[in-house]
Amino acid sequence: MHSEDGLNAFHETIAARFSLTPDGSIFMGSPLGHSVGAIHGARMSLYFGVPLVLQQVWNAAAALVLIEDNKCTFTAAATPFLKDLVELKHTGENPKLNSLKHFLCGGAQVPPALLERAAKEFPNTFVTVLWGMTEGGYTTCIPGKSPTNKCLFTAGCASDGLEIRLTNAAGKPVGAGVEGDLMVRGPAMFYGYYGQPDLTAALFDAGNFFNCGDRAVMDEDGYIRITGRSKDLIIRGGVNISPVPIEDVLAAHPKVSSVAVVGYPDERLGERICAVFSPSDIRLSLQEVTAYASENGLPKQHWPEFVMFIDEMPMTPAGKIRKNDVRKWLESQTASTGGQ
């Protein structure tokens with residue numbers, strides 16, 4: 001549940017960071033039933049009185065035409081949208097996405113390699129990771145002020161008024177460079193889950209900080225790096241392993257279109273690291289995967305120990321991999337075949 005004031009605060013912080021002006025326009029390829037389409041698209045367009053250009057069915061080539069024809073200046077979208085636009089061949093006179101000033105990419109993991117490619121493909125567009133949630137609040141990099149390495153390897157810094165702290169298992173704040181549970185508080189936050197007071201109470205602490213369910217590290221400048229969802233951690237022999245750094249490396253492999261790293265059940269260690277790839281016709285051997293991981297700096301304890309291939313990666317309408325569905329699929333496969 002959101003208040004009008006809370007959503008207004010959200011839009012004001014977006015406008016301040018990304019210079020939304022009345023002569024600009026918003027492109028939206030995400031469905032309006034999703035928070036990105038509803039809040040970054042429909043409501044922000046109405047709030048600022050700027051045109052909203054909608055695409056009925058996502059198609060990268062058609063999106064490029066819509067953006068250019070309508071001189072769209074701003075969009076927010078999930079990682080698959082950015083990936084499709086990056087990979088789209090473009091022969092026009094102007095650079096790809098020439099009018100688009102800002103592209104906020106979130107909802108799913110954004111590999112650094114994809115951001116590097118986007119910077120080359122869209123030289124006039126500032127592309128940044130958008131960490132946010134339907135509950136409110138966001139972090140991004142700041143145009144013109146964020147060093148390149150901050151944009152590539154972090155989810156940016158807090159929006160105006162958003163307070164962030166990272167805590168350990170005892171709920172105590174941790175220092176810079178130490179991983180912890182991500183807790184946020186600010187004027188754009190929601191005020192509860194409808195009809196679920198117990199859930200609401202469980203996720204807010206005594207100081208009204210909301211537990212996002214993410215694990216993160218914050219540097220001394222206030223830039224955060226999301227290391228994974230608390231529930232997505234792989235616990236191997238009592239050691240917590242975040243899948244995000246592993247997925248970042250594997251997603252950059254030229255043969256990989258989509259990858260999810262999850263825990264593979266193991267009687268002795270509890271879980272082992274499994275990389276699930278899609279589509280199933282791309283066959284990478286475990287040896288190829290570990291060699292690539294080694295070449296790209298992953299420590300050996302983070303190398304996948306199994307590779308699996310799924311016919312179609314389960315995704316949300318906004319382009320986020322459904323990790324729970326991947327885990328259920330993996331459980332069914334290991335029960336029937338013992339893996340590969």
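Buried here means under 20% relative accessible area. The legends below describe close-up views of a predicted model.

**Figure 1. Helix H4 and its buried face.** Helix H4 spans residues 79-87, and its buried residues are Thr79, Phe81, Leu82, Lys83, Leu85 and Val86. An α-helix has 3.6 residues a turn, so residues three or four places apart point the same way. The buried residues of H4 pack against two other helices, H3 (60-69) and H5, and against strands S3 (74-78), S4 (102-106) and S5.

**Figure 2. Phe103 and the largest nonpolar core.** The largest nonpolar core holds 43 residues. Those with the most contacts inside this core are Leu82, Phe103, Leu182, Val184 and Phe210. Leaving aside neighbours within four places in sequence, Phe103 touches Thr75, Ala77, Leu82, Leu85 and Leu97, together with Thr125, Phe126, Val127 and Thr128. Another core, of 24 residues, lies apart from the 43-residue one and includes Leu20, Leu104, Cys141 and Ala188. In soluble globular proteins, nonpolar side chains tend to be buried together.

**Figure 3. The second largest pocket.** This pocket encloses about 240 Å³ of space. Its lining consists of 13 residues, and Ala119, Phe126, Val127, Thr148 and Cys151 lie nearest the centre. By class, the lining residues are nine nonpolar, three polar and one charged. At least two lining residues come from each of helix H5 (112-121), strand S5 (126-132) and helix H6 (148-153). H5 gives the largest share, four residues.

**Figure 4. A salt bridge between strands S9 and S10.** The side chains of Arg215 and Asp181 form a salt bridge, at 3.1 Å from N to O. Arg215 belongs to strand S10 and Asp181 to strand S9 (residues 180-185), so the pair links distant parts of the chain, 34 residues apart. Arg215 and Asp181 are both buried. A search of the whole structure gives 15 salt bridges.

**Figure 5. The salt-bridge network around Arg272.** Salt bridges link Arg236, Asp266, Arg272 and Glu305 in a network. Within this network, the closest N and O atoms of Asp266 and Arg272 are 2.9 Å apart. Asp266 has a relative accessible area of 19% and is therefore buried. Arg272, at 18% relative accessibility, also counts as buried. Arg272 forms a salt bridge with Glu305 as well, with the closest N and O atoms 2.8 Å apart. Because Arg272 lies in strand S15 and Glu305 in the loop between H9 and strand S16 (306-309), this pair ties together parts that are 33 residues apart in sequence.

**Figure 6. Backbone geometry in three loops.** Most residues other than glycine have a negative phi, and most peptide bonds are trans. Ser19, in the loop between helix H1 (4-18) and strand S1 (26-28), has a positive phi, near 50 degrees. With 49% relative accessibility, Ser19 counts as partly exposed. Asn208 also has a positive phi, near 70 degrees, and sits in the loop between helix H7 (197-203) and strand S10 (210-218). The relative accessible area of Asn208 is 47%, so this residue is partly exposed. The peptide bond from Ser278 to Pro279 is cis, with omega near 0 degrees. Pro279 is placed in the loop between strand S15 (270-278) and helix H9 (286-295).

Technical notes
Residues numbered from 1 in each chain as written. Predicted model: local features only at pLDDT ≥ 70, side-chain atom pairs only at ≥ 80, totals over all residues. Heavy atoms only, no water. Core = buried A, V, L, I, M, F, W, Y, C linked by side-chain atoms within 4.5 Å. Buried < 20%, exposed > 50% of the residue type's maximum accessible area, 1.4 Å probe, protein only. Contact = heavy atoms within 4.5 Å. 1 Å grid on protein atoms, 1.4 Å probe; cavity = no way out; pocket = protein on both sides within 12 Å on 5 of 7 lines; lining within 4 Å. Points joined across faces, edges and corners; volume = space filled by probe spheres on them. Nonpolar A, V, L, I, M, F, W, Y, C, P; charged D, E, K, R; others polar. Salt bridge = Lys/Arg side-chain N within 4 Å of Asp/Glu carboxyl O.
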